[in-house]
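Please open the model in your viewer and keep the sequence panel beside it. The tour below moves from one selection to the next, and says at each stop what is there.

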Amino acid sequence: MAMSEKVEEYLREAESSLRAALAFAARTEKVMVTQVIAESISRIDSLIETHKLIDKLETRRPGDKGMWGMFHE
């Protein structure tokens, strides 16, 4: 099942806010704080992109080569 547009929208908004926080934190906070913010951004992006990939794999039809070739003959 595809991620709903609303969930992806909220995740993108959170990612945008975290990027703003990271830009400010890079100038004023300890390294650990910036590292955790950067990891959070990365995890949100990975969640969205991985979900898209899984959705593509789940909706493959038998014999579909797609962009990765045949998984099984």
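Begin by selecting Thr34 and showing what surrounds it: leaving out residues up to four places away in sequence, Thr34 touches Leu22, Ala25 and Ala26. Thr34 itself lies in helix α2, and because its relative accessible area is 17%, under the 20% cut-off, it is buried. Keep in mind throughout that this is a predicted model.

**Helix α1**

Next, select residues 5–28, which form helix α1 with its 24 residues. At 1.5 Å a residue a helix of this length should span 34 Å, and the C-alpha atoms at its ends are 35 Å apart, so the two values agree. Now colour the residues of α1 by accessibility and look for Leu11, Glu15 and Ala25, which are buried. What covers the buried residues of this helix? Part of the answer is α2, residues 31–58, which is included in that cover.

Stay on α1 and select Glu15, which has its place in this helix. With a relative accessible area of 5%, Glu15 counts as buried, and once its neighbours within four places in sequence are set aside, it is in contact with Ile41, Ile44 and Asp45.

Then select Ser16, which also lies in helix α1. Is Ser16 buried or partly exposed? Its relative accessibility is 46%, and therefore Ser16 counts as partly exposed. If you draw a distance from the C-alpha of Ser16 to that of Ile41, you will find 8.5 Å in space between two residues that are 25 residues apart in sequence.

**The two helices together**

Show α1 and α2 together and turn the view until both axes can be followed. Two packed helices are described by the angle between their axes and the distance between the axes. Here the axes of α1 and α2 come within 9 Å and cross at roughly 155°. Because angles over 145 degrees count as roughly antiparallel, α1 is roughly antiparallel to α2. The crossing in which α1 passes α2 is left-handed.

To see what makes this contact, select on α1 a group that includes Leu11, Ala14, Leu18, Ala21 and Leu22, and on α2 a group that includes Val33, Ile37, Ala38, Ile41, Ile44 and Ile48. Charged residues take part in the contact as well, among them Glu8, Arg12, Glu15 and Arg19 of α1, and Asp45, Glu49 and Lys52 of α2.

**Salt bridges**

Side chains of opposite charge can pair when their charged atoms come close. How many salt bridges does a search of the whole structure find? The search finds eight, and three of the pairs are worth a stop here.

Select Glu8 and Lys52, which form a salt bridge whose closest N and O atoms are 3.7 Å apart. Glu8 lies in helix α1 and Lys52 in helix α2, so this pair ties together parts that are 44 residues apart in sequence. Both partners are partly exposed, Glu8 with a relative accessible area of 22% and Lys52 with one of 38%.

Move on to Asp45 and Arg12, a salt bridge in which the closest N and O atoms are 3.5 Å apart. This pair links distant parts of the chain, with Asp45 in helix α2 and Arg12 in helix α1, 33 residues apart. Asp45 counts as partly exposed at 30% relative accessibility, and Arg12 counts as partly exposed at 30% too.

Return to Lys52 and add Glu49, with which Lys52 forms a salt bridge whose closest N and O atoms are 3.8 Å apart. Because Lys52 and Glu49 are three residues apart in helix α2, about one helical turn separates them. Glu49 is partly exposed, with a relative accessible area of 38%. Now select Glu8, Arg12, Glu15, Arg19, Asp45, Glu49 and Lys52 together: salt bridges that share partners join these residues into one network.

**A last stop on α2**

Finish with Asp55, which lies in helix α2 and, at 22% relative accessibility, counts as partly exposed. Which distance separates Asp55 from Ala2 in space? From C-alpha to C-alpha it is 6.0 Å, although Asp55 and Ala2 are 53 residues apart in sequence.

How values were computed: Residues are numbered from 1 along each chain as its sequence is written. This is a predicted model: local features need pLDDT of at least 70, side-chain atom pairs count only at pLDDT 80 or more; totals for chains, interfaces and linings use all residues. Side-chain values use heavy atoms; hydrogens and water are left out. Helices (H or I, at least four residues) and strands (E, at least two) are DSSP runs, numbered from the N terminus. The expected span of a helix is 1.5 Å times one less than its number of residues. Buried means under 20% relative accessible area, exposed over 50%, partly exposed in between (1.4 Å probe, protein chains only). Contact means heavy atoms within 4.5 Å. A salt bridge is a side-chain nitrogen of Lys or Arg within 4 Å of a carboxyl oxygen of Asp or Glu. Axes are lines fitted to C-alpha atoms, for helices over the stretch in contact, and angles run from 0 to 180 degrees between N-to-C directions. Angles under 35 degrees count as roughly parallel, over 145 as roughly antiparallel, 65 to 115 as roughly perpendicular and the rest as oblique. A crossing is left-handed if the near helix is turned anticlockwise from the far one by less than a right angle, and right-handed if clockwise.
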